[in-house]
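Subject: A structure for you to explore

Hi there,

Here is the structure I promised to pass on. Have it open in your viewer while you read, and my notes will follow below.

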Amino acid sequence: MATDNDVIKKELEGIRDERRTHANTAQRIGNALLSLLGRVENAGGNFLRKDIADTAQKLIRFMEGLKLGDGEMGLDAKGGAVLSDVVVDRVHDAKSTPADRVMVGAQGFDLYMGADGKSHMYVDYLVARAKFFAASAEVRKVSYSGGTTVFSNAGSTIAKVTYVFDAAGKKVIAYKCYALADDGTTRTMNWWHVGMMALCQTFNVKADEMESLQNRYYWRMVIGVGQEVLEDSKLYDYVILSNVREFVGGEAMLPNKGVRVLADETGRVLRWGGVAVATVYDGELVSMAELFAKQEKGRTSDDGGNVIAQRVFYGYEVVNGGEPDAPAAGDVIVQVGDQIRWKSHGNVIKLSTSTEDNATDSAPAITMYHQIGALWETDAKDSEGQPVRNPYQWKEVTCVISPEQVLLNARRFKLFTDSVDNIIEPYVVMYTIVPSCSCIVRHTATRSTTPEVIEAETVKRVGNTTELLSSSDVKYMADVVWQDGNGVETMALTDVHTRGLYNVKSLKIKAYMLKDAEKMLAECDIAVVTDGEQGEDGKPGTDGKPGADGADGWDGKDAAVVVINPSVLTVDTVKDGSGNPRVDCSGEKVKAEVRIEREGVSIVGECDRYEVVDMMGCSAHIADGGTSRMRIVVDSITRDEYMVGSTKRYIPRTTATATVRIHCATNNSYYYATLTVNVNVSAVWSELTITSEKLLSEYSEISSSVEGMKGELKQYDSKIEQTARNIALKVSQTAVGRKNMLVGSALKRQGGVRIGTYEGGGIETLNGVNGVNCAHVISAGLDYFSGLFWWPITPDLTKCIKIEKNKKYTASVWVKCDRLDPLVRIEIKWAENATGTRLSDGFSESFQIKKIKEWQFCSFTFDTGNTIYDYIECNFWARSKEDGITTNAWFCQPMLVEGDEYVGWSLSEDDVDYIGGNLLDNTDTLQTGGNLVVANGNLYTDANSYKGNNTGYTGE
């Protein structure tokens, strides 16, 4: 059959134009139709079918779009798509390339599957409106902060200010400053306390022409705190700031009860949201001392032991001889100092990023202060010439860290090993014995001495500071040679008097630390001299005349003295071939001249033995003994072995001593003198910084034990977070959000957990992990299971935890013990309900303590399976190995989380954001206890109660 178009056309034209008879037209028509049908079949491969699946071999363009299915899904002519499920390997904008997968200098977005089989996404802004969950989050950001940031106990942004007038209603004696405590989503608590000092300071603000914008400054004392619901039905924290320059703590000056509409000094009624503002007042006034006693459970004295009601307080700082600014809405106030508890609340860290506020001469800088609020002397003097004292001073500075220099207060800076009780000195420290008398005179005629008793004190010198050590910290020993013996006898200094000073031939006093009897601090020689013997009596005279004078007695001899010059050597260190510091003693580089004299004249010719004894931290010898060139030569300074990370280091002793003993043949006596060698600790410390895996100028935590240098400086990424009432320096954790199922795990005395202990113990705030409180418990035997319990046994305090079947949960806790052998266990038991019957079966896992008094992380995972129970109790406890053994254990950061891995400790969703200050106990549960009692009425929980919590009903 013909399939060519032209052939088929000719066939059809021939049939059309046929005029002959008997031309077989039917056959010709049939052939033409068959050719046409074959042509159509051959052309079908160039068209897409609508009725069956087909494939297009070339690009197809849809000018008006493409619809998919029966709905509205599809593509429009501009490329917009409405799709239900998209499966792709990469989504990105038109300009993004793999080269844009960097942090800085990139553009667009890119979401793709990497060669590692993990999904990756690069975007510029990522916003999570509700929650953001991440196994871990790493933030990389370069930011700028100008001005001064203060890290202290409290801070607020003032939303509203009202006046507090005196009893006559004429003079403003205080300002009541409100800060929002409940914005409908988050409720906070008041950190402020009576006695604190609130600072407001702005700088570098350019005033406008109407002077409505200008710098503000005031530093005032907090004389009242609390919470109050205002007319907008919102809960506000408030602090009352003093406007009285000086007052006595017992002076009744603050309103206690009643309501008064407030007006400003012009008489205009103050309004908030169109409603007149009223404050509590009915004429009954109370003192600041009364408010403080109520807040602090009866405390009546300050940190200096002064009675609060009797001492003078300073209401505000005088600015250039005049009044400071008055508080106003919008001011940010930060707690800086405390006039009552300056030791605990007077500590501040100031981060200055500008020199505009005169906070520091160079910026940026970190300055730490201690005891702001105590009375410090000023440069001014009163009418009697006495220094004026004032609490509004940035004292005492403990540390300044700036690019220009780093300053550490020598009185405040210490290093410790193992625990804070074991302090070591970071400077060259010298101890000197100061005897009550440097010479003992023996009187042969009366067999007595001057003085009759000899005592000693020890002075500690650190840098250019001196400190007299308490006699309760020092033990004094004596090396004695008696008149009737040649050997040296060592005894307590007080025991020398028992035998009698007259019998002493030579005496050396030595001072030792009472806690460490082997650590000698210093020694000194006491000269012993003897009077001349009594001369013979004269012969009797005759005829009543006086007899002749007796013969003169022998002159007494002055005591011999050993002189070492110089008596104290200070040497530097050098590096050996391994980079370790050492003292180079070669070629007699460390030596001192030795002389023995009487009355300034050498008596070396009277001596026959010269030696070095009592070498501590060094080796030494006498060179050219018995000559005018006699000297003591130090051969080496002892080096101790330390581990810095995994590297073994050798560090020289910081102080070494060697005692010279010389024997005088003429009186058969020994004489002593001691050479002290101080190794330049700054040089040693520079070596340590080089070998400690590089010490960086960042926030860091010294986690190393200096004894052995077993750990390097452990660095933490730090996060500075500041809000209206929360100013803190926090160490970031992996946990994001609140996943902990244990209420009260922060151990802040807010309930939710039972702390079981034999006796003693309790919550400790300084020894926990990453600043979190810990519980100290004690077990005294096999029957004492001491620890933290979330169980139904104490339903008024604790509740069991709601769980789901066929899910995994992970329980964890940090623990440390003072023994290696106690049984430490995490225990899970089934429970019928939150406060129901306790069941016996469940899960548990025991842990072996690895190191004494060192935090150890314990964790285990369990699967609830197809359980019939909806609740579990979760307990963490320790028990002594056997009866008669006392075990001290500490638990911190208990955690129960859904899942099979630890995600970092956090609070639970039911924990209160404690920002401090509520004077009322148990306000969250209304459980009777602490200072909460039910005087009239009762407590109930029903459909009318607030959120299912206990509600008080008085019946009136």
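Two residues are in contact here when they have heavy atoms within 4.5 Å of each other. Please keep in mind that this is a predicted model.

With that cut-off in hand, start at cysteine 800. Leaving out residues up to four places away in sequence, cysteine 800 touches Trp791, Pro792, Ala831, Asn833, Ala834, Tyr871, Ile872 and Glu873. You will find cysteine 800 in the loop between strand S60 (786-790) and strand S61 (801-802). Is cysteine 800 buried or exposed? Its relative accessible area is 8%, and buried means under 20%, so cysteine 800 counts as buried. You can also look for glutamate 832, which is 32 residues away from cysteine 800 along the chain, with 9.1 Å between the two C-alpha atoms.

Next, go to strand S11 (residues 196-201). Of its 6 residues, 5 are buried, so the rest of the structure largely encloses this strand. Which strands does S11 run antiparallel to? One is strand S22 (residues 332-338), joined to S11 by 3 bridges, and another is strand S12 (residues 217-229), joined to S11 by 5 bridges. To see single pairs, find methionine 196, whose bridge partner in S22 is aspartate 338, and alanine 198, which stands opposite arginine 220 in S12.

These strands also take part in the largest nonpolar core, which has 33 residues. Ile223, Phe247, Met288 and Val336 have the most contacts inside this core. At least two core residues come from each of strand S10 (172-180), S11, S12, strand S13 (235-242), strand S15 (252-255), helix H3 (288-295), strand S21 (312-314) and S22. As background, nonpolar side chains tend to be buried together in soluble globular proteins. For a closer view, pick valine 336: among the residues it touches are Met197, Leu199 and Trp219.

Last, here is a sheet to practise on. Its 3 strands lie in the order S31-S34-S35, forming an open sheet with antiparallel pairing. Strand S31 (429-435) and strand S35 (465-468) are the edge strands, each pairing on one side only. From one strand to the next, the twist averages 25 degrees. Strand S34 (residues 456-462) is joined to S35 by 4 bridges, and lysine 460 stands opposite glutamate 467 in S35. In general, strands of a sheet pair through backbone hydrogen bonds.

Enjoy looking around, and write back with any questions!

Best wishes

How values were computed. Residues numbered from 1 in each chain as written. Predicted model: local features only at pLDDT ≥ 70, side-chain atom pairs only at ≥ 80, totals over all residues. Heavy atoms only, no water. Buried < 20%, exposed > 50% of the residue type's maximum accessible area, 1.4 Å probe, protein only. Pairing = 2+ DSSP bridges. Axes fitted to C-alpha atoms, helices over the stretch in contact; angles between N-to-C directions. Core = buried A, V, L, I, M, F, W, Y, C linked by side-chain atoms within 4.5 Å.
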